[in-house]
Amino acid sequence: MTTTTTDAALVAQPTSRRAPRDSRYTRKNAHLGMHKKKSILLTVIMALVVIYSLLPLFWLFVSSTKTQTELLSSFGLWFSGPFSLFDNIGATLTYDDGVFVRWFLNTLLYVVVGAGGATFLAALGGYGLAKFNFPGKKGVFAVVIGAVAIPGTALAVPTFLMFSQLGLTNTPWAIILPSLISPFGLYLIWTYALDAVPTEVLEAARMDGAGEFRTFFTISLKLLAPGLVTVLLFTVVATWNNYFLPLIMLSEPTWYPLTVGLNQWNAQATTVGGDPIYNLVITGSLLTIIPIIVAFLFLQRFWQSGLAAGSVKA
Amino acid sequence: MTTVSPPASGLVAPKRHKQKLDWTGWKFIGPFMVVFALVLIAPVVYSIWLSLFKDQLVGGNQFVGLDNYITAFGDARLWESLGRVTLFLLVQVPIMLLLALAAALALDSARLHASAFFRISIFLPYAVPAVVATLMWGFIYGTQFGLVGSLNDFLGTAFAPLSNSWVLASVGNIVTWEFVGYNMLLFYAALRVVPVDLYEAAELDGAGSFRIIRSIKLPALRPAIVIGTIFSIIGSFQLFNEPNILQSLAPNSISTYFTPNMYAYNLSFSGQQYNYSATIAIIVGVLTAVIAYAVQLSGSRKES
Amino acid sequence: MKSAHSSRGRFGRTAAVIGTGIALSIGLAACAPAAGGSADSGTADDIAAALKEKSTITVWAWAPAVEDIAASFEKEYPNVTVKVVNAGTGNDQYIKLQNAIKAGSGAPDVAQIEYYALPQFGLSDSLVDLADFGFDSFEDKYTASTWGSVNLDGGIYALPQDSGPMALFYNKTVFDKWGIAVPTTWDEYIAAAKTLHAADPNAYITNDTGDAGFTTSMIWQAGGQPYKTTDQTNVTIDLQDEGSKKFADTWSQLTENDLVAPVSSWSDEWYRGLADGTIATLAIGAWMPGNLTSGVPDAAGDWRVAKLPTYEAGVPANAENGGGGDAILKQSKNKLVAAGFLQYMNEGEGTQISLAAGGFPSTTADLESDAFLNAEDPYFGGQKVNELLASSIDDVVPGWSYLPFQVYSNSIFNDTVGQSYADKSDLNTGLEAWQKATAEYGNAQGFTVNK
């Protein structure tokens, strides 16, 4: 399961029945925005918070433009020496027969199959919980929510021992299977589906003779879209950054995701005759976070509209 | 939606004299539950099974019943690590949530320039993997060549973030940095759906911004605050990634039993004491569940 | 959900197919030649024969030279494929190895194992006794101390790959700048530490935040023998024996008085300190030159090597620090081929490749060769470092052994002794705590420790 407990009920309000008819944003602007003065003080304070958030990332970027020797001899927060960003990127991608690219493709695989699968399972399951009454429903709910509180390490060793009996360790399945379970995704879709998919629509489809799955795929999924995107976003981040379980499950670098691979490179400085490759670790880190930032920026638009749409009730 | 009790289902089966069981729902929840059983239920059961045995390097495997649990209750290292994450929780979580709250309120006030930029920038650290985050902060914390070292030289101070006395705060800082944006968005989303009429009414009544915050925004935020708190509590008890990666930079400040999760991890993978490790994990898991549930109960009780 | 019709006919057919299959495989097995690469023992001829057949072996190693050795090996034995995997450095790899051993599968055929970790794997019955392949006859090819490290309880569990007799690497530029003479005793070393730090508060004689490997090597040099194992499970740990106390009393003078840099070895800050002279010496194994050359190029020409300081002037003493060998896992299904590769790597042509890559050899032939001894290292200002390092091998104090759970013990070093570093208190207290925690673990694992 996604190890962070933090894919959250960000879509916490779709069931709010107090939401206004119009987009709150425009109304607020119309009535109040004109009267509100932009505060410089507040902006400055927020700017400090932003500096706090971005400072380490700035260090990362600056460091990735330096050569290995330059890294070890210059002040960390400003550029120094020849601008080597592209050399570093090249070196990162080709080091050790391009194993970084392999790790990148692995991570992509885990994210697409893992996060995609998790979103799908959560959608199916959440929909089922919201729209159907079935025996054992309360039990399902209790068990799933209870599972959230269990620390990852409680599961790591038994899962490892179990998977090695099944011959799954050191394979991508060891990473993908656990990441398919997102209890929060399930909970999210569940609460979202209660209102987003009106029962009347379902009953109409049933009367027309459509099967449950057909209804789900053709009608309900579209209605659930904003919630799905939110779940997808958080499962993507979680699977991209997945570190602990792959660390235990994989013994050979062939199937490492980027996080575990970077960690190994970082530890490599301690080999006899080996070279410390901090510049590669840093450039690699930069390359690792860029796709997720891009994905996030991209998905953010959909998720924002999801929030707004979620607050509009039929 | 704030309580964790099952919401009223939208579909109510028509009452009949003989209730026919409708299993259709299982077709939907089924796939999830199958994988769930494999990757969550099975390991938990196996974990409980493991905790009842003891497998020694010399002597093999034996059933020992509750011996492991008895040892655990007398284990000073376990209590030290539990105490540490509790302290962490009591300090870091409020600070982070307050910061996130302030940021969310600021964003919501529409009195910021470039609020979209702020929103995205503060959220960005959430997208960074713990390995990278710890690498970056590890540099900053360096007293010889890091930013702190430079500041120390500049100000004549001798601050050592990775020393015994400060290391927990330093880890707390990394965690705050990683998650404040996430919590901020949680609160911001909750604020965005407050109905405008409430604000209009308040303005008509002549209420100032702080009054509005107190009477409208904060109550609207309560459910989000409860959820944010619960997740942060669970996260604090499960603290592992950041101290584990930082350990090589601060080996004397971060012990192998710094947090309960690290203790369980090292018991298994350094000491091959899988059974005792399972015991620790179960104890901590149960504790976490109890505390999270308690918080959730008190949060929803206050609401009603 | 079987279809009602024709199931009986189908069943009959299936049974026939299965039956034939079983019969065929039994027949084939009977005709098969005696097991090839999976044999548990063999002579040199058996190994040679196995190398002619098609096979694949997996090698877990982090030493960079291994990839080149594998490539060269594959050229000579084209039917064998050697997969070299970097499964992590040191402890990270041992964790994975232990996991695979516990799970019963997933272990490689050959694994690089450092000397201190060897007892843990060797005595737990996970490694092949190389005497089964006649490798016990190789004893004279290696130095006494490295052979002693692989010869445990009568069995030979690995072939040494490199060695690490300790030496003092010092930054001559820094020493000359402050007029510090190269110390030959530890008392002189401490005096030098004081002089250096007083002259330049940013500089330290060395760095130390507590390192288990360093501590055990230093106790070794001081003549201590804290770990004794008899009958495989009877263990005594005495980290307050004469040698341990001698080390702790001496070294505490540095740690209690802020005379060592608070920088962890192998960290980013450590490399920087070595480059800019704020870490002036390293008391470390003979394999360090390669690391300095590749990792600290900025300080080329500044460093020199000297013999490790001793406790008594004129009484030579030394210890091994780091270094390791390679072993064959019992789980291997290709032991003969693995043995062939192992021999090639650590006794045959592979040794030359390791040498060229900057490793410090454990083979006496190489250690005595003129080419090796007379090589002038430009990084060290043209000094004949090998000559000095090789001469210090004879000073290694004999009789040292590690615990059968040394890997674990080292992992809790910082929890215990590390606290003495953090508090700047007497290292003896830390050693006692380390002893207590380690003994507790040993007893919990079924050994009889200190009883």
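## A bent helix in chain B

Helix α1 of chain B makes a good starting point in this predicted model. At G30(B), α1(B) bends by about 50°. Look just along the chain from there and you will find a proline, P31(B), which follows within four residues.

How far apart are the end C-alpha atoms of helix α1 of chain B? They are 37 Å apart. The helix runs over residues 24–50, and at 1.5 Å a residue its 27 residues should span 39 Å, so the two values agree.

## Two domains in chain B

The domain assignment splits chain B into domain 1, covering 25–65, and domain 2, covering 75–303. Between the C-alpha centres of these two domains there are 30 Å.

Where they touch, domain 1 of chain B supplies eight residues and domain 2 of chain B supplies seven. On the domain 1 side, the elements giving two or more residues are α1, the helix you have already met, and β1 (53–56) of chain B. That side is made up of four nonpolar, two polar and two charged residues.

## The nonpolar core

In soluble globular proteins, nonpolar side chains tend to be buried together. Here, the largest nonpolar core has 312 residues. Which residues have the most contacts inside it? They are I189(A), A193(A), F187(B) and F341(C). Helix α7 of chain B (residues 167–192) gives this core its largest share, 17 residues.

Try finding F341(C) in the structure. Leaving aside neighbours within four places in sequence, F341(C) is in contact with I57(C), F73(C), V82(C) and V110(C).

Note on methods: Residues numbered from 1 in each chain as written. Chains lettered and ligands numbered in written order. Predicted model: local features only at pLDDT ≥ 70, side-chain atom pairs only at ≥ 80, totals over all residues. Expected span 1.5 Å × (residues − 1). Bend = angle between axes of the 7 residues up to and from the residue. Domains from an automatic or database assignment. Contact = placed C-beta atoms within 7 Å. Nonpolar A, V, L, I, M, F, W, Y, C, P; charged D, E, K, R; others polar. Core = buried A, V, L, I, M, F, W, Y, C linked by C-beta atoms within 7 Å. Buried ≥ 20, exposed ≤ 12 C-beta atoms within 10 Å, placed from the backbone.
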